[in-house]
Amino acid sequence: MEESSQVKSEDRSPAHSPNNCPTNTFERGALFAALPDIYLRLADDSTVLDVQLPEPDAFVLPATGLLGRRLVDCWPSHLTDPLQQALQQARQHCASTSLNYCLPTPRGDRYFESRFVPLGAHQFISITRDMTEQRAVERERQERTALLEFRLEIDRCLTIEQPIAPMLQQCAQVMVDSLQAAFARIWLLNDAEQMLELQASAGLYTHSDGPHGRVPVGAFKIGRIAASGHPHLSNDVLNDPNVGDRDWAAREGMVAFAGYPILLDRQVIGVAAMFARQPLSSLVLDELQLVTREIAFGITRQQNRLALEASEQALRHKAEALQTTLDRLQLAQKQLVQSEKMSSLGQLVAGVAHEINNPVNFIAGNLTHLRSAVTDLLELVAAYQAHYPQPHPELADLTETIELEFLRDDLPALFQSMRLGVDRIKDIVQSLRTFSRLDESNCQMVNLHEVIDSALLILSHRLKGCRPSIAVTRTYGDLPLVACYPGPLTQVFMNILSNAIDAIQEMDWTDRPTKPAIDLSTALKADRVLITISDNGPGMDEATQARIFDPFFTTKGLNRGTGLGMSISREIVVDKHCGRLNCQSRVGAGTVFGLDLPIELAAPSSSEQAIARQSSPVKETD
C-alpha cells in the first residue's frame with residue numbers, strides 16, 4: 001500500500017470569505033445528493049457532522065461509523081498531520097485545499113483526493129473523490145510509455161553493428177535502467193558442450209566469472225529454463241522453490257524474478273533473466289517476452305553479419321592472393337622472357353666473340369712474322385742498292401713508281417697501326433666474352449671495373465650516336481676482386497646506363513651550356529663497394545621516383561619499354577647480391593643511382609632481403 005499524502009491550497013475569490021460561505025442547508029443537501037463523491041461536513045476539530053457516501057463501503061468506515069467522530073481519529077496516524085495542515089490552510093486563507101492520500105477499504109487500498117472548503121467560521125465541507133481508477137489508468141499509461149522507450153532502446157542496441165558480447169551487455173544494462181531491475185544477465189548456449197556461457201551482466205553484479213559464469217543445461221534455475229524451453233516467472237522469490245539461495249534473496253530485498261529462454265526457430269540459443277526488488281506487472285512480463293524474441297533475432301542478425309564480413313574478408317584475401325600470384329606469374333613470365341633474351345644474346349655474343357677471336361689471333365700471331373719478313377726484305381733491297389748503285393733503268397722506274405723510300409719509312413708505322421687495331425679488337429672480344437657470361441650461375445671473384453667497362457662497350461654505339469655524343473667519365477677507386485654474379489650484374493649496369501641514355505636523348509641540348517654526360521665512380525668503404533652512376537638528364541618528379549622499382553612501371557612510350565629493367569635490377573642487387581640500390585633525382589637536376597655491394601657474398605636470408613629492401617628507398621636529393 002502506498003501511504004503518501006499531498007496538501008494543495010487554491011485561492012478563491014472574496015465571495016468565498018467566511019462571511020459569504022453558503023449556509024442554505026436545503027440547497028446544500030440537494031447539491032451533494034447529486035454528486036458521486038464522498039461528502040463530509042466537518043467541525044473545526046474535524047468532527048464529522050454530516051456524511052454522504054455514494055456506496056456503503058466507499059470509504060474506510062461506513063457513514064454510521066463516521067458521524068460524531070473526529071476524522072483525524074478515523075484515518076491512519078500518518079495522515080493526522082497532513083489533515084490538520086489542510087484544514088488550517090483552508091481556514092486561514094478561506095480557500096479550497098486539496099489532500100491526496102491512500103486508505104485501506106473493504107475493496108483494498110484506494111487512492112483518494114479530498115478537497116476542504118471553509119463553511120462559516122467553524123465548519124468545513126470535504127468532498128472526496130476516489131482516484132484509484134484514474135490513478136491506475138495513468139500509471140498504466142506511464143508504464144506503457146516507459147516500456148515503449150525500453151523496447152526502442154533495446155531495438156537500438158540490437159541494430160548497431162557490433163560484436164555480440166557488447167550488444168548483449170548493452171541490452172542487459174537497458175533492462176536494469178528501464179525496468180528498475182536489481183540486476184540482469186544474458187547467457188548463450190554452447191551447444192557442443194551443452195553449457196550456458198555468461199555473456200552480459202549488469203546492475204548489482206557485473207562480473208562474468210563465478211558459479212553462474214558457465215551453467216550446465218538443466219542445472220540451477222537458469223539451466224532448467226534452457227532445458228525446458230519455458231520461462232520461469234515469480235513475484236514472490238522468497239517462497240519460490242526454484243530460488244536456490246533464499247537467504248541471499250531476503251538479504252538483498254529481492255521480490256521478483258523473470259527468466260526467459262532465448263528461442264530461435266523453437267531452439268534454445270540462450271537465457272535472459274533478471275531479479276527485481278518490486279513486483280513485475282503483466283505488462284512488464286509481456287514486454288520482456290517480446291524483447292527476448294528480438295534479442296534472439298538480433299543475435300542471429302549479428303552472427304550472420306559477422307559471418308558475412310568474415311566471408312567477404314576471406315574472399316578479399318583470396319582475391320588479393322590470386323592477384324598477387326597472377327602478378328608474380330606475369331613478372332616471372334616477363335623475367336623468363338627477359339632472361340631468355342639475355343641468355344640468347346649472351347650465346348650470340350659468345351659465338352661472335354669466338355668467331356672473331358680466331359681470325360684476330362691468326363692476324364695478331366702473323367703480324368710479328370710479317371713485320372720480320374718485311375724488315376728482312378727492306379734490308380735486302382738496301383743491300384742491293386748498296387752493291388748496285390746504278391740499277392737497270394727499268395728497276396729505277398719501278399723504284400720511283402712504288403716510292404720505295406716512302407714505303408721504307410711508312411711500313412713500321414703501318415705495322416704499329418695494325419697492332420693497335422688488333423689489340424683493340426682483342427679488347428672488344430674480351431668485353432664481349434665478359435658480357436656473354438650472363439647465363440653463368442656460379443658466383444665468381446670479379447673485377448667490377450671490367451664488368452662496368454663491358455656494359456659501356458656494348459652501349460658505346462648509343463653513347464656516340466647521340467647528338468652531341470655523351471661524354472662518359474670514369475672515376476675508379478682501388479677495388480679488390482668482388483664476389484658476385486658477373487652476368488646479372490652486367491645486366492644491372494646496362495639497364496641503368498640505358499635509362500640514362502634514353503633520358504638524355506629526350507632533351508634538347510642546342511642552347512644548353514653543358515653537354516650530355518654520364519659519370520661513373522667506385523669506392524671502397526669497409527667491407528663494401530660503393531658504385532655511383534649519375535647523369536645530367538631531365539631528372540624525375542617524386543611520383544615517378546616512388547614507382548621507379550615497381551614491376552611493369554615505365555615512363556617510356558608504347559612498345560619502348562617493358563617496365564621490368566629497374567625491377568629486375570633491384571632483385572639482382574638486393575636478392576641475389578645482398579646489396580642496396582637507391583635512386584636520387586630532382587626535376588632538371590639529373591639522376592643518381594647508387595649501388596652498395598658486399599665484397600664477400602653470403603647466401604641471403606629472407607630477413608636480410610627485407611632489411612635491404614627497406615634500406616633502399618627512393619629518395620629526393622637535397
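Buried means under 20% relative accessible area and exposed over 50%, with partly exposed in between. Keep those cut-offs at hand for this walk through a predicted model.

**A first stop on the surface**

Select Leu 380, in helix α9, which spans residues 282-387. Its relative accessibility is 45%, so Leu 380 counts as partly exposed. Now add Leu 377, Tyr 384 and Tyr 388 to the selection: together with Leu 380 they make a nonpolar surface patch with about 480 Å² of accessible area.

Next, move along to helix α10, residues 393-402, and pick out Asp 397. Show Glu 394, Glu 400 and Glu 403 as well, and you have a negative patch on the surface, formed by these three and Asp 397.

**Stepping back**

Zoom out to take in the whole protein chain. Coloured by secondary structure, the chain shows 17 helices and 20 strands. It has 622 residues, and 38% of them are buried. The accessible surface comes to about 34400 Å², with 53% of that belonging to carbon and sulfur atoms. If you display contacts with a separation of 6 or more, residues 24 or more positions apart account for 63% of them.

**Following the salt bridges**

The count of salt bridges in this model is 17. Let us visit a few.

Start with helix α5, residues 132-159, and select Glu 140 and Arg 144; the two lie four residues apart, about one turn of the helix. They form a salt bridge, and the closest N and O atoms are 2.9 Å apart. Are these partners buried or partly exposed? Glu 140 is partly exposed because its relative accessibility is 35%, and Arg 144 is partly exposed too, with a relative accessible area of 46%.

Now select Glu 197 and Arg 214, whose side chains meet in a salt bridge at 2.8 Å, N to O. Glu 197 sits in strand β8 (residues 195-203) and Arg 214 in strand β9 (residues 214-216), so this pair ties together parts that are 17 residues apart in sequence. Glu 197 has 22% relative accessibility and therefore counts as partly exposed. Arg 214 is partly exposed, with a relative accessible area of 41%.

For the next pair, select Asp 596 and Arg 580. Their side chains meet in a salt bridge at 2.7 Å, N to O. Asp 596 belongs to strand β19 (residues 591-598) and Arg 580 to strand β18 (residues 580-585), so the pair ties together parts that are 16 residues apart in sequence. Which of the two labels, buried or partly exposed, fits each partner? Asp 596 counts as buried because its relative accessibility is 11%, whereas Arg 580, with a relative accessible area of 29%, is partly exposed.

To finish with salt bridges, select Arg 110, Asp 130 and Glu 133: bridges that share partners join these residues into one network.

**A last stop in a loop**

Finally, go to the loop between α15 (542-546) and α16 (565-576), where you will find Arg 547. Its relative accessibility is 43%, so Arg 547 counts as partly exposed. How far apart in space are Arg 547 and Ser 567? Draw a distance between their C-alpha atoms: the two are 9.8 Å apart in space and 20 residues apart in sequence.

Technical notes
Residues are numbered from 1 along each chain as its sequence is written. This is a predicted model: local features need pLDDT of at least 70, side-chain atom pairs count only at pLDDT 80 or more; totals for chains, interfaces and linings use all residues. Side-chain values use heavy atoms; hydrogens and water are left out. Buried means under 20% relative accessible area, exposed over 50%, partly exposed in between (1.4 Å probe, protein chains only). Contact means heavy atoms within 4.5 Å. Accessible areas come from the Shrake-Rupley method with a 1.4 Å probe; for residues, only the protein chains shown count as cover. Patches are made of residues with over 30% relative accessible area and no salt bridge: like charges are joined within 9 Å, nonpolar side chains (Val, Leu, Ile, Met, Phe, Trp, Tyr) within 5 Å. A salt bridge is a side-chain nitrogen of Lys or Arg within 4 Å of a carboxyl oxygen of Asp or Glu. Lys and Arg count as positive and Asp and Glu as negative; His and the chain ends are not counted. The place of a charge is taken as NZ of Lys, CZ of Arg, CG of Asp or CD of Glu.
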